Structures are given as C-alpha cells and as structure tokens.
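Me: I have a new structure open and I'd like to learn how to read it. Can you walk me through it, one feature at a time?

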Amino acid sequence: MALFDIISEDIKKAMIAKDKVALEALRGVKKEFLEAKTAKGSTGELTDDAALKILQKMVKQRKESAQIFTEQNRADLAENELAEASVIEKYLPAKLSDAELEAAIKEIIAEVGATSAKEMGKVMGVASKKLAGKADGKEISEKVKSLLA
C-alpha cells in the first residue's frame with residue numbers, strides 16, 4: 001500500500017477516534033501530497049521516495065516552528081507543533097543510531113575511496129542518497145566532516 005493511501009486511511013481513523021492533532025497533521029500531509037501530485041511537470045503519481053522527502057520536510061518545519069514559539073514564550077503553540085511532528089514522524093523510517101550512522105558513513109567513505117576533507121562532496125553525494133530518511137542531512141554532514149578530518 002502506498003504512503004498516500006496509508007495516510008488517507010489514517011485520516012479516516014483519526015476522524016472516527018476524534019483525534020484532532022492527528023487529524024490536523026494528516027490533513028496537512030495529504031494536502032502536501034496532493035500538491036506534489038498535481039504540480040507542474042509531475043506525472044500525477046507520487047512515489048514513496050518523494051512522499052518521504054515531503055514528510056521529512058514537514059517534520060523539520062514543525063520542529064523549527066516549535067523552537068521559535070518556545071523562544072517567544074508561546075508554549076501552547078509549540079506543544080501543538082511538536083505533537084503534529086510526532087504524528088508525522090510515525091510514517092518515516094526509523095532513524096539510525098549514532099553508531100549505525102558512523103558505520104554506514106565509514107562504509108561509504110571506503111566505497112568512494114575518499115581520504116581527505118577535500119573529497120567531502122563525493123562522500124556527501126552518495127551518503128545523502130543512501131541514508132535519505134534514515135538520518136538528518138545535518139547529522140550526516142557533521143559525521144562525514146569528523147571522519148574525514
């Protein structure tokens with residue numbers, strides 16, 4: 001079952017359960033999915049890879065918003081953003097632990113044959129594709145930097 005269909009089914013479940021936070025978050029996700037499907041140049045289909053990228057972006061946006069709300073002493077709004085982010089995160093693949101991330105990047109560095117920080121671009125290109133959805137780009141970048149240094 002495609003991610004789009006799973007989200008649609010879960011919207012129905014959230015309506016029945018009267019779960020306002022989940023319903024709001026999932027409706028937002030479905031809106032983004034529909035926009036991606038109907039965007040100029042799209043084929044009308046939404047691959048799970050594209051859907052995962054959208055979900056990651058949405059989680060990141062929610063967390064950034066929550067941080068801003070917290071800085072502005074609006075805990076009520078920050079709480080809502082974090083609750084929506086946690087609902088969306090359920091649809092993302094499990095994140096790699098620090099040790100797993102380091103092992104995966106070491107493997108990629110060996111595969112690419114990188115030996116210095118000058119070759120970070122090569123490593124990042126491969127790592128970003130292989131680890132998409134499993135680790136944050138910022139975490140990947142920091143780990144690659146530390147391993148090549």
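Reply: Sure. Start with what counts as a helix or a strand: helices are DSSP runs (H or I) of at least four residues, strands are E runs of at least two, and they are numbered from the N terminus. Keep in mind that this is a predicted model.

Me: How many helices and strands are there in the chain?

Reply: The chain has seven helices and zero strands. Going along the sequence, that reads α-α-α-α-α-α-α. As for extent, the C-alpha trace spans about 55 × 45 × 30 Å along its principal axes.

Me: Next, pairs of helices. At roughly what angle do the axes of helix 1 and helix 2 cross?

Reply: The general idea is that angles over 145 degrees count as roughly antiparallel. Here, helix 1 (residues 3-17) and helix 2 (residues 20-38) have axes that cross at roughly 150° and come within 9 Å. Helix 1 and helix 2 are therefore roughly antiparallel to each other.

Me: Is their crossing left-handed or right-handed?

Reply: Helix 1 and helix 2 make a left-handed crossing. On the helix 1 side, the contact includes Leu 3, Phe 4, Ile 7 and Ile 11, while helix 2 brings residues including Leu 23, Leu 26, Phe 33 and Lys 37. Sorted by class, this contact has 12 nonpolar, one polar and four charged residues.

Me: What about helix 3 and helix 4: how do their axes cross?

Reply: You can read this pair with the cut-off we just used. The axes of helix 3 and helix 4 (residues 75-89) come within 8 Å, crossing at roughly 160°, so these two helices are roughly antiparallel as well. Helix 3 passes helix 4 in a left-handed crossing. Among the contact residues are Leu 55, Met 58, Val 59 and Phe 69 of helix 3, along with Leu 77, Leu 82, Ile 88 and Glu 89 of helix 4. By class, the contact of helix 3 with helix 4 has 10 nonpolar, two polar and five charged residues.

Me: Let's finish with pockets. What is the volume of the largest pocket, and which residues are the closest to its centre?

Reply: For a pocket, look at its volume and then at its lining. The largest pocket here has a volume of about 480 Å³. It is lined by 17 residues, and the closest to its centre are Gln 56, Lys 60, Lys 95, Asp 136 and Gly 137.

Me: Which helix gives the most to that lining?

Reply: Helix 3, with eight residues, gives the most to the lining of the largest pocket. Helix 3 (48-71) and helix 7 (137-148) each supply at least two of its residues. By class, the lining has four nonpolar, four polar and nine charged residues.

Conventions
Residues are numbered from 1 along each chain as its sequence is written. This is a predicted model: local features need pLDDT of at least 70, side-chain atom pairs count only at pLDDT 80 or more; totals for chains, interfaces and linings use all residues. Side-chain values use heavy atoms; hydrogens and water are left out. Axes are lines fitted to C-alpha atoms, for helices over the stretch in contact, and angles run from 0 to 180 degrees between N-to-C directions. Angles under 35 degrees count as roughly parallel, over 145 as roughly antiparallel, 65 to 115 as roughly perpendicular and the rest as oblique. A crossing is left-handed if the near helix is turned anticlockwise from the far one by less than a right angle, and right-handed if clockwise. Contact means heavy atoms within 4.5 Å. Ala, Val, Leu, Ile, Met, Phe, Trp, Tyr, Cys and Pro count as nonpolar, Asp, Glu, Lys and Arg as charged, and the others, Gly among them, as polar. On a 1 Å grid over the protein atoms alone, a cavity is a set of points where a 1.4 Å probe fits but cannot get out, and a pocket is an open set with protein on both sides within 12 Å along at least five of seven lines; lining residues have an atom within 4 Å of a point. Grid points are joined across faces, edges and corners, and a volume is the space filled by probe spheres set on the points.
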